[in-house]
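Welcome! Take a moment to look over the sequence and the model, and then let us walk through some of the contacts and spaces together.

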Amino acid sequence: MHSFAYRNESLHCENVNLADIARAVGTPTFVYSKKTITDNLAAFRKALAPLDAHVAYAVKACSSKAILQLMAQQGAGFDIVSGGELWRIINAGGDPTLCTYAGVGKTEAEIRYALEKGIYCFNCESEEELRAIDRIAGSMGMKAPVAVRVNPNVDAHTHKYITTGTNENKFGVDITRIEQLYATMAAEMPNLHIKGLQMHIGSQLTEVQPFVMAIEKVAPIAKKFKELYGIEFWSIGGGVGIIYDGCLASGSPEWWQQHPEQMTIESYAAAIIPLLQPLGLRILVEPGRRIVGNAAAMLTTCLYEKKGEAKCFKIIDAGMNDIIRPALYEGYHEIWPVQQHHGDTITADVVGPVCESGDFQAQNREIADVKPGEVLAEMSAGAYGFSMSSTYNSRPLAAEVLVDGDKWQVIRRRQTLEEIICGEEGLD
Ligand code: LLP
């Protein structure tokens with residue numbers, strides 16, 4: 001569920017007409033619904049209530065200050081992957097003691113910073129990393145809280161670039177080696193506090209089965225580690241998918257009734273709770289996409305139309321630098337005109353101004369036959385949208401807006417050209 005729908009022929013986010021935002025702020029602009037974000041967080045908490053469960057929002061999905069503030073206000077924890085993300089949490093008023101810190105390549109400076117700020121736990125990915133954290137914590141006279149990411153070797157059935165839980169991926173420690181590693185930690189690394197166990201099998205999963213398989217595979221290990229080392233938590237990672245194809249329609253409860261096969265937060269929870277409850281561990285979940293993905297659309301303006309021998313191109317003012325998902329993962333995002341069309345569709349490629357053939361948002365897509373000047377909304381843009389954007393081709397970062405009921409505010413003004421080159425030095 002989300003809060004984007006046509007009303008009086010115009011696409012709205014909550015009670016705000018997206019045309020008004022485009023007029024006032026320009027395009028490209030990401031527009032987020034506060035209600036959708038807070039509803040999604042609440043849905044995870046409610047569905048997992050039978051467990052001692054905690055949501056650690058995966059900051060990488062969308063790390064803009066106001067979004068993090070919103071999460072912090074609701075008391076969410078955070079799953080971070082860099083010193084920069086930890087800095088953002090603190091800057092947004094979030095609580096570092098609710099942060100888990102993942103990633104395969106933490107630097108010494110980042111490890112020190114996280115220890116100084118008292119994070120909840122490091123989620124570690126290799127023996128060498130554990131030895132580094134042990135050494136650094138020792139030099140600071142501290143004990144570092146750690147968990148290790150176990151790689152259960154389960155296929156998540158998602159795009160190859162966002163699958164992480166098989167032994168072909170760089171992530172985690174093979175399930176066949178994890179017990180030995182915990183034993184080594186306990187025996188040889190005195191400055192570590194073995195606090196938990198972590199796993200994450202991939203992103204944009206659309207079925208519960210891979211989650212169930214991974215949990216079934218790892219649960220006996222979690223149980224054993226509780227007995228042997230007194231671990232207090234198991235983080236089962238993120239990965240709950242969202243609706244990309246069908247996004248706009250999925251804003252209504254009827255759509256969900258007509259699509260009972262779709263995984264929901266509730267069906268995910270119902271499948272995993274019976275497997276997790278007997279362990280008596282604190283369970284962390286690290287959703288990113290499912291919290292913010294369907295909570296935003298990116299507004300963009302059609303600049304030109306070009307008809308060639310083979311194709312029709314709708315050229316828009318947003319590029320792969322604004323949303324890179326179609327180019328990088330063959331990502332599919334619905335594209336709707338803000339002013340509703342009736343029946344007039346065309347098969348076109350929706351492409352941006354960036355000088356790359358990979359700069360498209362849709363290919364061979366039947367879309368409304370929009371004309372130059374019309375504003376479009378690219379849906380499901382909240383997760384890995386703005387956070388993966390860049391200034392490639394010296395294009396300023398887009399603006400961001402948060403809608404709350406019938407009010408809205410700019411949460412990031414459009415970047416200026418001066419800001420793009422800020423930090424650059426000319427020749428001496
Ligand atoms: N926990 C860990 C350890 C992760 O690596 C990730 C995502 C998450 C949680 C959050 O996963 P989510 O709930 O958002 O699926 N840029 C790609 C997705 C990369 C995901 C990386 N890790 C995309 O746009 O599809």
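## Salt bridges

A salt bridge here is a side-chain nitrogen of Lys or Arg within 4 Å of a carboxyl oxygen of Asp or Glu. Please keep in mind that this is a predicted model. One such pair is R395 with D322, whose closest N and O atoms are 2.9 Å apart. R395 sits in the loop between β19 (375-378) and β20 (399-404), while D322 sits in the loop between β15 (312-316) and α12 (325-329), so the pair ties together parts that are 73 residues apart in sequence. Are these two residues buried or exposed? R395 is buried, because its relative accessible area is 15% and buried means under 20%. D322 is buried too, with a relative accessible area of 1%.

In total, the model has 23 salt bridges. Another of them joins K60 to D79, with 3.8 Å between the closest N and O atoms. This pair links distant parts of the chain, 19 residues apart: K60 belongs to the loop between β5 (53-58) and α3 (65-73), and D79 to strand β6 (residues 77-80). K60 is partly exposed, at 32% relative accessible area, whereas D79 is buried, at 3%.

## A network of charges

Some salt bridges join up. E305, K307, K314, D369 and K371 are linked in a network of salt bridges. Within this group, the side chains of K307 and E305 meet at 3.9 Å, N to O. K307 counts as exposed because its relative accessible area is 58% and the exposed class is over 50%. E305, with 27%, is partly exposed.

## Around the ligand

Which residues are closest to the ligand? They are S203, E286, R325, Y329 and Y384, out of 19 residues that surround the ligand.

Several contacts can be picked out atom by atom. A polar side-chain atom of Y329 is 2.7 Å from a nitrogen atom of the ligand. The backbone takes part as well: a polar backbone atom of G239 lies 2.8 Å from an oxygen atom of the ligand, and a backbone N or O atom of G288 is 3.0 Å from a ligand oxygen.

## The two largest pockets

The largest pocket holds about 620 Å³ of space. Its lining is made of 31 residues, and those closest to the centre are K60, T164, F171, H200 and Y384. Two of these names may be familiar: K60 is the salt-bridge partner of D79, and Y384 is among the residues closest to the ligand. By class, this lining has eleven nonpolar, eleven polar and nine charged residues.

The second largest pocket has a volume of about 300 Å³. Of the 16 residues in its lining, M1, H2, D39, N40 and W256 lie nearest the centre. The elements giving two or more residues to this lining are β1 (4-7), α2 (34-47) and α10 (265-276). Which element gives the largest share? That is α2, with five residues. The lining of the second largest pocket divides into six nonpolar, six polar and four charged residues.

## An enclosed cavity

How many cavities of 30 Å³ or more does the model have? The count is one, and the space inside is about 100 Å³. Its lining has 13 residues, with G241, I242, I243, W256 and M263 nearest the centre. W256 also appears among the residues nearest the centre of the second largest pocket. In the cavity lining, six residues are nonpolar, six are polar and one is charged.

Definitions and conventions
Residues are numbered from 1 along each chain as its sequence is written. This is a predicted model: local features need pLDDT of at least 70, side-chain atom pairs count only at pLDDT 80 or more; totals for chains, interfaces and linings use all residues. Side-chain values use heavy atoms; hydrogens and water are left out. On a 1 Å grid over the protein atoms alone, a cavity is a set of points where a 1.4 Å probe fits but cannot get out, and a pocket is an open set with protein on both sides within 12 Å along at least five of seven lines; lining residues have an atom within 4 Å of a point. Grid points are joined across faces, edges and corners, and a volume is the space filled by probe spheres set on the points. Ala, Val, Leu, Ile, Met, Phe, Trp, Tyr, Cys and Pro count as nonpolar, Asp, Glu, Lys and Arg as charged, and the others, Gly among them, as polar. Helices (H or I, at least four residues) and strands (E, at least two) are DSSP runs, numbered from the N terminus. Buried means under 20% relative accessible area, exposed over 50%, partly exposed in between (1.4 Å probe, protein chains only). A residue is near a molecule or strand if one of its heavy atoms lies within 4 Å of it. A polar contact is a pair of N or O atoms within 3.5 Å; within protein, one must be able to donate a hydrogen and the other to accept it, and residues adjacent in sequence count only if both atoms are side-chain atoms.
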